[in-house]
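Here are a few short exercises to work through with the model open beside you. Try each task before reading its solution.

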Amino acid sequence: MDRATFACSTAFFRDYSSSSHTAFCLPTGHVDFIEKVESFTYSDFFRDYLIPNHPCIFSAKFTEGWGSRRNWVTWDGKPNFDYLLQKFGEAIVPVANCDVKEYNSNPKEQIPFKEYINYWKEHIKNDYRSSRGCLYLKDWHLSRAFPEQDVYTTPVYFTSDWLNEYWDAIGVDDYRFVYMGPKGSWTPFHADVFRSYSWSANICGRKKWLLYPPGQEEYLKDRHGNLPFDVTAPGLQDNSVYPRYTQSQPPVEILQEAGEIVFIPSGWHHQVYNLEDTISINHNWVNGCNVAIMWCFLQDELAAVQREINEWKDPMDDWHVQCQLIMKSCTGIDYKEFYNFLKVIAENRISVLENGLDDEALAKNTPKAAISTLGMLHAVFDLKRTVKVLTSLSANEDFKKLDLTSLSPPPEALLHHLKAAIDTALL
């Protein structure tokens, strides 16, 4: 971030770091299109899209330097199957069958990448028909499997990424994905993991997005409280099954062209179609702007588990522990790991504030370098948001019932360190 941008950021971070602002304004259907890289700063994105939680589209100019856009695409804008096979042919990839519904999703299998490409070629040759159904390569951790490949560079607007910062630190997982699929492949109605933000960049092809702001999904639930698999299905018109559907607003529609990036705000439910043979890069991410939403989501998930197994509460001595285990199996995280998540994020920012970074460290692509690039005020903003959520977590009755002796440092000590670091940085 240059000095001018850093100076402009000051007011934003001071205003919002002390705010619990998470307004979800219903859009009129218009989604802003960001045309020029040079005239759109991180501060603009923070103020106009992250904080108010509004979607936007970035033009293809933001991705034109990516290796994947040069190498993964043929001269006429199609997937470059030969290149992809050469680089990734022996990889094992997750593939979903878009023609089959399984628990409000599509069943997945793991197959060799070269087998998928052969299927895709045949699918195109047979006028997009196959006895195997419409197969969609989804949630492939390509960056983790092939870190040496020149695929893309994360735009600065998305670099405050706590999810990937944490999971990289513990070396267990990440939330960076590649999607590849033929015309007609699609993703059913859902909101992203942990109610995270997501960004999705089309390397080639076109997508159609149907977006619903937070709260609108309530009108789409059936009489049992279940969300639809497909929001375009005629069955939603049946009042006896979907009693509140007529109260819902039409979705916000986005047609995403090749090279463009769509920013999906936190908690927005969506359904996505590939209008052509399409490849995309996708990240899920959380930061100080939406970590409180993640915490609310986890509380809701635990409450749902507790309701589900409430009848076993009295006879089960470790009922609260079992609830945490079930929640983790469903969401990928429990309250103690959420504490460790906040700790890693906080300690990285405290380290930068207290010790800074030398030029060699800044040149490396590390979380601390990204923190330093966004500036001291952004690190303070992150810490203030962490303090709010950590204070709420520490006071939570379900959290206090767990064995917290394994947490190091204890929550009270971490909170004290956080507050002291904020006070010192603002002197």
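## Exercise 1: Two aromatic pairs

Phe40 and Phe58 are both buried in this predicted model.

**Task.** Work out what kind of ring pair Phe40 and Phe58 make, and where in the chain each of the two sits.

**Solution.**
- Step 1: start with the distance. The ring centres of Phe40 and Phe58 are 5.7 Å apart, and the cut-off for a pair is within 6.5 Å.
- Step 2: turn to the planes. They stand at 75°, and angles over 60 degrees count as edge-to-face. The Phe40–Phe58 pair is therefore edge-to-face.
- Step 3: find the positions. Phe40 is in the loop between strand 1 (32–34) and helix 2 (42–50), while Phe58 belongs to strand 2 (residues 56–58). The pair links distant parts of the chain, 18 residues apart.

**Task.** Now treat Phe88 and Phe146 in the same manner: which kind of pair do their rings make, and is each residue buried or exposed?

**Solution.**
- Step 1: the centres of these two rings lie 4.9 Å apart and the planes are at 70°, so Phe88 and Phe146 also form an edge-to-face pair.
- Step 2: Phe88 lies in helix 4 (residues 81–88), and Phe146 in the loop between helix 6 (142–145) and helix 7 (162–170). The pair therefore ties together parts that are 58 residues apart in sequence.
- Step 3: buried means under 20% relative accessible area. Phe88 has 1% and counts as buried; Phe146, at 17%, counts as buried too.

## Exercise 2: An open sheet

**Task.** In what order do the 4 strands of the open sheet run, and which strands stand at the edges?

**Solution.**
- Step 1: the order is 7-12-9-10, with antiparallel pairing.
- Step 2: strand 7 (186–190) and strand 10 are at the edges. Each has a single partner strand, so one side of each is left without a neighbour in the sheet.
- Step 3: from one strand to the next, the twist averages 15°.
- Step 4: look at one pairing. Strands 9 and 10 are joined in the antiparallel sense over 5 bridges; one bridge has Leu211 partnered with Val252 in strand 10.

## Exercise 3: A tyrosine in a loop

**Task.** Where is Tyr219, and which residues does Tyr219 touch beyond four places away in sequence?

**Solution.**
- Step 1: Tyr219 is placed in the loop between strand 9 (207–212) and strand 10 (252–256).
- Step 2: its contacts, leaving out residues up to four places away, are Arg244, Tyr245, Gln247 and Ser248.
- Step 3: Ser248 is 29 residues from Tyr219 along the chain, yet their C-alpha atoms are separated by 5.3 Å.
- Step 4: Tyr219 has a relative accessible area of 22%, so Tyr219 is partly exposed.

Methods: Residues are numbered from 1 along each chain as its sequence is written. This is a predicted model: local features need pLDDT of at least 70, side-chain atom pairs count only at pLDDT 80 or more; totals for chains, interfaces and linings use all residues. Side-chain values use heavy atoms; hydrogens and water are left out. Buried means under 20% relative accessible area, exposed over 50%, partly exposed in between (1.4 Å probe, protein chains only). Contact means heavy atoms within 4.5 Å. Two strands pair if DSSP finds at least two bridges between them. Axes are lines fitted to C-alpha atoms, for helices over the stretch in contact, and angles run from 0 to 180 degrees between N-to-C directions. Rings of Phe, Tyr and Trp (its six-membered ring) pair if their centres lie within 6.5 Å; planes under 30 degrees apart count as stacked, over 60 as edge-to-face and the rest as tilted.
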